[in-house]
2 protein chains.
Amino acid sequence: MEKITVVKIGGNVIDNPEALKRFLEEFAALQGAKILVHGGGKLATRLAERLELKVQMVDGRRITDKGTLDVVTMVYAGLINKQVVAGLQAAGCNALGLSGADGNAVTARRRDPNPVDYGFVGDIERVDSGLLRRLLEGGITPVFSAIMHDGQGTLLNCNADSVASAIALGAAEIAPADLVFCFEKNGVLRDPEDDTTLIREITSETYAPLKADGIVSKGMIPKIENALKAVEKGVRSVTIKHSENLLNEIGTTIK
Amino acid sequence: MEKITVVKIGGNVIDNPEALKRFLEEFAALQGAKILVHGGGKLATRLAERLELKVQMVDGRRITDKGTLDVVTMVYAGLINKQVVAGLQAAGCNALGLSGADGNAVTARRRDPNPVDYGFVGDIERVDSGLLRRLLEGGITPVFSAIMHDGQGTLLNCNADSVASAIALGAAEIAPADLVFCFEKNGVLRDPEDDTTLIREITSETYAPLKADGIVSKGMIPKIENALKAVEKGVRSVTIKHSENLLNEIGTTIK
């Protein structure tokens, strides 16, 4: 394999049927071996509300109790994953949907309940790159939800960005791996209101001044720092771009 | 491969967590290449009720409208499939959950809307035995829900018994295939109240008098006739047995 592209999409694409359809067509057209990781979107929250599940929050973070785990498993690993897979099949891409439990692809460890018990939430432990290799070599495109398992029969809800990074690292054991995070902007902008101020490239050297100057701020900080970490560990590049720019060069690449 | 065993479980096992756990441990212990097909159970109905979806019936049969399709996709291809896969992984069986869309494993055709439009309901069209072979040869146990796709991006709810038969026929292209239907009795009984009156074997020759005498009646008629058809088309044997008897010989075998 010449290279593997791992693409992550989040709620902004998933919640918009037309954007999703366009994205899936572009993703299907992406050349070479590839893997898709999808997040959740608002559907799980809406379903939990309709089922009148009590939302428990600690420090602004939601607790994944058993009822919530069932809902996210239904929505992420079921409805969204199968709709995405069926959409990719229709676009000519031989997709195959996976949770971490499927083929024991990804195991996670339940997060330490001390000091705060977040419930059925996990952190990635191990990605089976052998399984990824066999699927990719068979012409199959794996499509991951962020529902993983602990290997002992318990499903765990994980952060989809972290899943994408871990899978890109697993892919890097097979071939040079490029990771693409799709979101609702063109990339890191010097002026958040002006798309023409896109920063094309960030390295560990150029990152510090960007952070110090407040150009990289808020939610972008963990994104870039995770990207730098992934690159340090062996992912060839991480690009942050708009979901509509998948097939062109517009975006911020972290190397 | 020496042989492939295809096992189908339905709601009576799925709805009972302890029966399901016992079954999954026995299934994990089953020797040789194997495939599991699971039906739905009452959870989808309960969820549809809690979401206050209107159940539309025609001639005693439920219409699968878009809302119902989403619910069965969530429950069958999501929650149940992933819980079964995680349970098998915990029992040491390398399971991988599939809908028909995954890897384009099984395509279905939407049922003719004339004279009655049952909605998003499909009949099996094609099983990709090449994919089954690659998974089985890789030591993976496919676990199918009955959610299939039409290849054009539409998911379709199918009858799980028919899915099991179609997959057994696909498996028969790879190796001798034995199909096992688990249900809540030991098999076909001469006296439905007496487990000791089990009929051990039915063939196309012995079936006619059993039907004429009313020993095979009601819901058992389509089961046996589908089994005879599967055997005629190339499945080596079909056995109807209690889910607790998976690893022993108690059951009715149709040859």
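Strand β2 of chain B has side chains on two faces. B:A33, B:I35 and B:V37 point one way from β2(B). B:K34, B:L36 and B:H38 point the other way. Residues on both faces are buried. The strand spans residues 33-38, and six of its six residues are buried. It is therefore largely enclosed by the rest of the structure. These statements rest on a predicted model. The model scores ipTM 0.95 and pTM 0.96. In chain A the mean pLDDT is 95, and 100% of the residues reach 70 or more.

Two strands flank β2(B) in the pairing pattern described here. Strand β1 of chain B, residues 4-9, pairs with β2(B) in the parallel sense over six bridges. Within this pair, B:I4 stands opposite B:A33. Strand β8 of chain B, residues 141-144, also pairs with β2(B) in the parallel sense, over two bridges. Here B:L36 stands opposite B:V143. The wider sheet of chain B is open and has eight strands. Its order is β5-β8-β2-β1-β11-β13-β14-β12, with mixed pairing. The edge strands are β5 (95-98) and β12 (201-202) of chain B, and each pairs on one side only.

Helix α7 of chain B offers a contrasting environment. It covers residues 204-212. Of these nine residues, the number buried is zero, so the helix lies largely in the open. Just after α7(B), B:G214 takes a positive phi of about 80 degrees.

Chain A also contains an open sheet of eight strands. The pairing is mixed, and the order is β5-β8-β2-β1-β11-β13-β14-β12. Its edge strands are β5 and β12 (201-202) of chain A, each pairing on one side only. Several pairs in this sheet can be followed in sequence. Strand β11 of chain A, residues 177-183, and strand β13 of chain A, residues 237-242, pair in the parallel sense over six bridges. A:F181 stands opposite A:I240 in β13(A). On to the next pair, β13(A) meets strand β14 of chain A, residues 252-254, in the antiparallel sense over three bridges. A:I240 stands opposite A:T252 in β14(A). Thus A:I240 faces A:F181 and also A:T252. At the edge, β12(A) and β14(A) pair in the parallel sense over two bridges. The bridge partner of A:E201 in β14(A) is A:T253.

Helices of chain A were examined next. Helix α4(A) lies across β2 (33-38), β5 and β8 (141-144) of chain A. It runs at about 170 degrees to β5(A). Helix α6 of chain A, residues 160-172, holds A:L169. Is A:L169 buried or exposed? It counts as buried, because it has 20 C-beta neighbours inside 10 Å, and 20 or more are required. Leaving aside neighbours within four places in sequence, A:L169 is in contact with A:V127, A:A230, A:K233, A:G234 and A:V235. The C-alpha atoms of A:L169 and A:V231 are separated by 8.9 Å, although the two residues are 62 residues apart along the chain.

The two chains are related by symmetry. A rotation of 180 degrees, with 0.0 Å of shift along its axis, superposes chain A on chain B. The RMSD is 0.0 Å. This is the relation of a two-fold axis. In chain A, the C-alpha nearest the axis belongs to A:G78, 1.7 Å from it.

The interface follows from contacts between the chains. In total, 33 residues of chain A are in contact with 33 residues of chain B. Three elements of chain A, α4 (66-90), β5 (95-98) and β9 (147-149), each supply at least two residues of the side that touches chain B. Helix α4(A) gives the most, with 13 residues. By class, the side of chain A that touches chain B has 13 nonpolar, 15 polar and five charged residues. Of the interface residues of chain A, 100% are also interface residues in chain B, so the copies meet through the same surface.

Definitions and conventions
Residues numbered from 1 in each chain as written. Chains lettered and ligands numbered in written order. pLDDT = per-residue confidence, 0-100. Buried ≥ 20, exposed ≤ 12 C-beta atoms within 10 Å, placed from the backbone. Helix = DSSP H or I, 4+ residues; strand = E, 2+ residues; numbered from the N terminus. Least-squares fit on C-alpha atoms with pLDDT ≥ 70 in both. Contact = placed C-beta atoms within 7 Å. Nonpolar A, V, L, I, M, F, W, Y, C, P; charged D, E, K, R; others polar. Pairing = 2+ DSSP bridges. Axes fitted to C-alpha atoms, helices over the stretch in contact; angles between N-to-C directions.
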